[in-house]
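Biologist: Please take a close look at one part of this model, the last helix of the chain and what surrounds it, and set it within the whole. I would like a connected account rather than a list.

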Amino acid sequence: MGNTIIQYLGSVSGNKTYIKRDDLIPLSFGGNKARKAFNFFREIDAGNYDCVVTYGSSSSNHCRIISNMAIMRGMECFIISPLESSAPTFNSQMMRVFGAKITIVPVGEVHDTIENKLRELKENGRNPYFIAGGGHGNLGTQAYVDCYKEIREYEAEQKMHFDYVFFATGTGTTQAGLVCGQLIYKDPRKIVGISIARANPRGRQVVLDSIQEYLTEKKMVISKECIEACVIVDDSYIGPGYGQSNEEIRQTIREMLIHNGIPMDATYTGKAYAGMKKYIKEHGIYNANILFIHTGGVPLFFDELRFLK
């Protein structure tokens, strides 16, 4: 996979604003989950696995991508999905097109259902590969350490520097990877995750945990104080909750489509971009170079399209 493009969007509240198009990764509408999935499937391809088990809601970009990559290999994909977030979406329709076997249970039963499914498969002579929800884990984190390197390469080529990097943060490994990249290279910038679901302190803690897990595996020693200073998770813009939209988010989606021809969705990128614009104003950011990472979710744009005016 080559580097994803970075394009200039124009001025946002007096700041030069750019967007990194991870939504253009050439697999099943791309996105951060595609970037991570390549790492998981390299490990799957090198092993003796015959099916995949994972977890996610009906809005999950992760589950869409994993089920697509599994069927490309002729592998079965089993998805455990929470009842509380199971409304039909274009993502869930695609999962079914890809032949995913979806089990819907109350969120409190998800853990045991996953364990039971893995045990059942093994008892039947199968060799399942388990991927945590959202591509959580060091392979997912590594994907965005690599993305951070791409950002630095762009800066070197263009002889410029991004003062801020914004994106939607959820399960935490996208942000963990970017922050690990920043810590490794000791770059002076602010990396701001706009939470799309989790309130702090939990939202921030899952990022911190992922960073520590990755650094431990790589045998890198960085002070807790240094790590803490680099992790910014803003939960002020969650709005009605995960997967829930409002008029401000829809207006952001509409404007981005009309003025830039870029689709965003209400669950992830549209919510995060709307949050970024408010963050910039509320923190008095001016005359800075700002990068927003489009982490995908394009099929969910079509779920929102009927509400745009």
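Modeller: This is a predicted model, and I begin with the whole chain before turning to the part you asked about. For 309 residues a compact globule would have a radius of gyration near 19 Å, and the protein chain, at 19 Å, agrees with that expectation. Its C-alpha trace spans about 60 × 50 × 35 Å along the principal axes, and the chain is built from 11 helices and 10 strands. Of the 309 residues, 56% count as buried, while the exposed surface comes to about 13500 Å², with carbon and sulfur atoms supplying 51% of it. Among contacts with a separation of 6 or more, 77% join residues 24 or more positions apart. The 35 positive and 33 negative charges have mean positions 3 Å apart.

The UniProt record, an unreviewed entry, annotates residues 3-296 as "domain: Tryptophan synthase beta chain-like PALP". That span is 46% helix and 19% strand, and its end C-alpha atoms lie 15 Å apart. The annotated span ends at residue 296, and G296 sits in the loop between β10 (289-294) and α11 (298-305), which brings us to the helix in question.

G296 has a relative accessible area of 0% and is therefore buried, since the cut-off is under 20%. Leaving out residues up to four places away in sequence, G296 touches D23, G31, N61, D265 and T269. By contrast, P188, which is 108 residues away from G296 in sequence, lies 27 Å from it in space, C-alpha to C-alpha.

Helix α11 itself is mostly covered, with 6 of its 8 residues buried. These buried residues are V298, P299, L300, F301, D303 and E304, so the set includes the acidic residues D303 and E304, counted as negative. As a group, the buried residues of α11 pack against α2, α3 (90-97), α9 (247-260) and β10, so that β10 is both the strand before the G296 loop and a packing partner of the helix after it.

One of those partners, α2, deserves a closer look. Helix α2 runs over residues 61-72 and holds N68, which counts as buried at 11% relative accessibility because the limit is 20%. Apart from its neighbours within four places in sequence, N68 is in contact with S28 and F98. N61, where α2 begins, is among the residues touched by G296.

N61 also leads to the residue that the record singles out: for "modified residue: N6-(pyridoxal phosphate)lysine", the unreviewed UniProt entry lists K33. K33 lies in helix α1 (residues 32-46) and, at 13% relative accessibility, counts as buried. Leaving out residues up to four places away in sequence, K33 touches N61, H62, I65, G134 and T171. N61 is thus in contact with K33 and also with G296, and this places the loop ahead of α11 one shared contact residue away from the annotated lysine.

For a site in another helix, consider I227 in α8 (residues 224-230). I227 is buried, with a relative accessible area of 4%, and its contacts beyond four places in sequence are L183, L208, I211, Q212, L215 and I222. C180, 47 residues from I227 in sequence, is 8.6 Å away from it in space, C-alpha to C-alpha.

Technical notes: Residues numbered from 1 in each chain as written. Predicted model: local features only at pLDDT ≥ 70, side-chain atom pairs only at ≥ 80, totals over all residues. Heavy atoms only, no water. UniProt positions renumbered as here; feature names shortened; annotations may be inferred. Helix = DSSP H or I, 4+ residues; strand = E, 2+ residues; numbered from the N terminus. Rg over C-alpha atoms; globule rule 2.2 N^0.38 Å. Buried < 20%, exposed > 50% of the residue type's maximum accessible area, 1.4 Å probe, protein only. Contact = heavy atoms within 4.5 Å. Areas by Shrake-Rupley, 256 points an atom, 1.4 Å probe, with all protein chains shown as cover. Charge placed at Lys NZ, Arg CZ, Asp CG, Glu CD.
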